[in-house]
Protein chains: 2
Amino acid sequence: MFIAMNRFQVHPERSDEFERSWRERDSYLAEVPGFVEFALLKGDNPGEYISHSRWESRDAFKAWTQSDAFTRAHASGLSEDVLADHPRVSMYESVLEARASVAR
Amino acid sequence: MFIAMNRFQVHPERSDEFERSWRERDSYLAEVPGFVEFALLKGDNPGEYISHSRWESRDAFKAWTQSDAFTRAHASGLSEDVLADHPRVSMYESVLEARASVAR
């Protein structure tokens, strides 16, 4: 499993606007080869968000970042001034996994 | 969806030892009510790790941290000096989710 996280620090009073821009955006992700799932996570600290995506492999993620779908998804307009800082991207490979015994 | 992350900065030369301590540890998580999945994530930066767990709700996570299973899982011995810094816990709720169209 490969996970990419992009951490955002948003001006807290503009959190609603930030969330709305994600809801209204067409990410074109669902059909991308190797894409597994996406979540926009909201942290306990005001204005803290992570865009959290899971991929079958790092190569699948890299291929997406070089695709037209990526360009289209990032063309739609988040106004930059809702951010209090630059987004910070981090990438992770899982070295150990466990799941609940009972399917839910 | 609720996600708890604990970020670890490990002395890079002790990464193998850190990973082994997780592999050998019995987390007792699989049977915990509300637990969904766990992964130990390794970051691209040397010595960067996240213990990443997903729960049905924040309440399920909280109940686990107050349980005997939690105490047992944390009693097993990770030698503290593999860490270059204190672990940092963060908690997140998802505000938006998407999955691949094709089941994999």
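Two strands count as paired when DSSP finds at least two bridges between them. In this predicted model, β2(A) and β4(B) meet that description across the chain boundary, running antiparallel with seven bridges. Within this pairing, L41(A) has S94(B) of β4(B) as its bridge partner.

The reciprocal pairing is also present: strand β4 (residues 88-99) of chain A lies antiparallel to β2(B), again over seven bridges. Here E93(A) stands opposite K42(B) of β2(B).

Inside chain A, strand β2 (residues 35-43) is joined to strand β3 (residues 48-55) by seven bridges, and the two run antiparallel. L41(A) faces I50(A) of β3(A) in the ladder. L41(A) therefore has a bridge partner in β4(B) as well as a residue opposite in β3(A). The hairpin of β2(A) and β3(A) has four residues between its strands, and G47(A) adopts a positive phi near 80 degrees there.

| Strand pair | Sense | Bridges |
|---|---|---|
| β2(A) and β4(B) | antiparallel | seven bridges |
| β4(A) and β2(B) | antiparallel | seven bridges |
| β2(A) and β3(A) | antiparallel | seven bridges |

The contact between the chains draws 33 residues from chain A and 33 residues from chain B. On the side of chain B that touches chain A, the elements giving two or more residues are α1 (15-23), β2 (35-43) and β4 (88-99) of chain B. Of these, β4(B) gives the most, with ten residues. Sorted by class, this side of chain B comprises 18 nonpolar, five polar and ten charged residues.

How values were computed. Residues numbered from 1 in each chain as written. Chains lettered and ligands numbered in written order. Predicted model: local features only at pLDDT ≥ 70, side-chain atom pairs only at ≥ 80, totals over all residues. Contact = placed C-beta atoms within 7 Å. Nonpolar A, V, L, I, M, F, W, Y, C, P; charged D, E, K, R; others polar.
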